[in-house]
Amino acid sequence: MPFWKIREIRAKDFEEFSHLILGVYSENPRSMKFPSIPTESELKVLLDYKLALLSRHESVDYVAVADGRVVAECDVAIGNRSTIGIIVEKGMRKKGLGQELLMRTLKRAKELGANSVVAEIYGGNVAAMEFFQSNGFSYADDGKEGKSVVLLQKLL
Ligand SMILES: CC(C)(COP(=O)(O)OP(=O)(O)OC[C@H]1O[C@@H](n2cnc3c(N)ncnc32)[C@H](O)[C@@H]1OP(=O)(O)O)[C@@H](O)C(=O)NCCC(=O)NCCS
């Protein structure tokens with residue numbers, strides 16, 4: 001039985017969400033959109049942007065909580081080109097959590113009007129490539145292997 005609970009993100013989760021981001025940067029900065037570890041002020045800009053999208057109902061943002069801690073997050077910014085991001089804490093990977101969180105987030109994104117979503121994969125991130133492809137994503141027209149960013153798309 002899974003021992004996590006999935007729910008919408010709340011403002012009080014933002015600090016723990018920041019730790020998730022910083023954790024992935026310390027593992028492999030090349031797999032992230034920005035080239036270096038975000039500074040405190042860059043993180044604040046990101047979190048303010050996240051909050052603004054949420055308050056305008058322009059994003060779906062779910063977290064998974066285990067033992068009272070945020071251990072994973074997935075968001076879709078809904079727009080002409082809806083983009084998805086997902087992070088599962090290192091110690092919680094390969095347990096099916098990412099997949100469950102992804103499905104919950106995509107279901108809600110579809111309810112809010114998204115017809116398709118795009119995942120941006122940086123730095124030859126093999127786990128992310130395999131993860132999205134095993135969940136029905138395929139190469140977008142402008143996302144070919146060999147580029148520094150690969151775009152994978154899924155129709156909803
Ligand atoms: C990509 C990521 C979200 C996957 O989360 P996860 O909880 O480990 O994924 P799941 O356990 O639900 O795996 C589902 C399927 O994805 C594939 N997969 C996941 N991790 C994989 C890996 N390291 N190597 C190969 N395939 C992988 C497998 O097909 C897996 O199914 P299986 O376990 O039956 O083989 C996680 O590795 C992560 O947070 N990485 C760092 C952040 C990141 O790169 N995010 C993506 C960019 S937006």
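## A tour of the sheet and its helices

Of the 156 residues in the protein chain, 26% count as buried. Keep in mind as you look around that this is a predicted model.

Start with the whole chain in view. Its C-alpha atoms fill a box of roughly 40 × 35 × 35 Å along the principal axes. The radius of gyration is 15 Å, which agrees with the value near 15 Å for a compact globule of 156 residues. Among contacts with a separation of 6 or more, 62% link residues 24 or more positions apart.

Now switch to a cartoon view and colour by secondary structure. You should find 4 helices and 7 strands, following the pattern β-α-α-β-β-β-α-β-α-β-β along the sequence.

Next, select the strands. The 7 strands make an open sheet with mixed pairing, in the order 1-2-3-4-5-7-6. To find its edges, pick strand 1 (5-8) and strand 6 (138-139), each of which pairs on one side only.

Move inward and select residues 69-77 and 82-88. These are strand 3 and strand 4, paired in the antiparallel sense over 6 bridges. Click on Glu-73, then look across to strand 4: the bridge partner there is Ile-87.

Keep that pair of strands on screen and add residues 14-27. This is helix 1, lying across strand 3 and strand 4 and running at about 85° to strand 3.

For the last stop, select residues 126-134, which form helix 4. Show strand 5 (116-122), strand 6 and strand 7 (149-155) as well: helix 4 lies across these strands, at about 160° to strand 5.

Note on methods
Residues are numbered from 1 along each chain as its sequence is written. This is a predicted model: local features need pLDDT of at least 70, side-chain atom pairs count only at pLDDT 80 or more; totals for chains, interfaces and linings use all residues. Two strands pair if DSSP finds at least two bridges between them. Helices (H or I, at least four residues) and strands (E, at least two) are DSSP runs, numbered from the N terminus. Two residues are in contact if their C-beta atoms, placed from the backbone, lie within 7 Å. Axes are lines fitted to C-alpha atoms, for helices over the stretch in contact, and angles run from 0 to 180 degrees between N-to-C directions. The radius of gyration is taken over C-alpha atoms; the globule rule is 2.2 Å times the number of residues to the power 0.38. A residue is buried if 20 or more other C-beta atoms lie within 10 Å of its own, exposed if 12 or fewer, and partly exposed in between; C-beta atoms are placed from the backbone.
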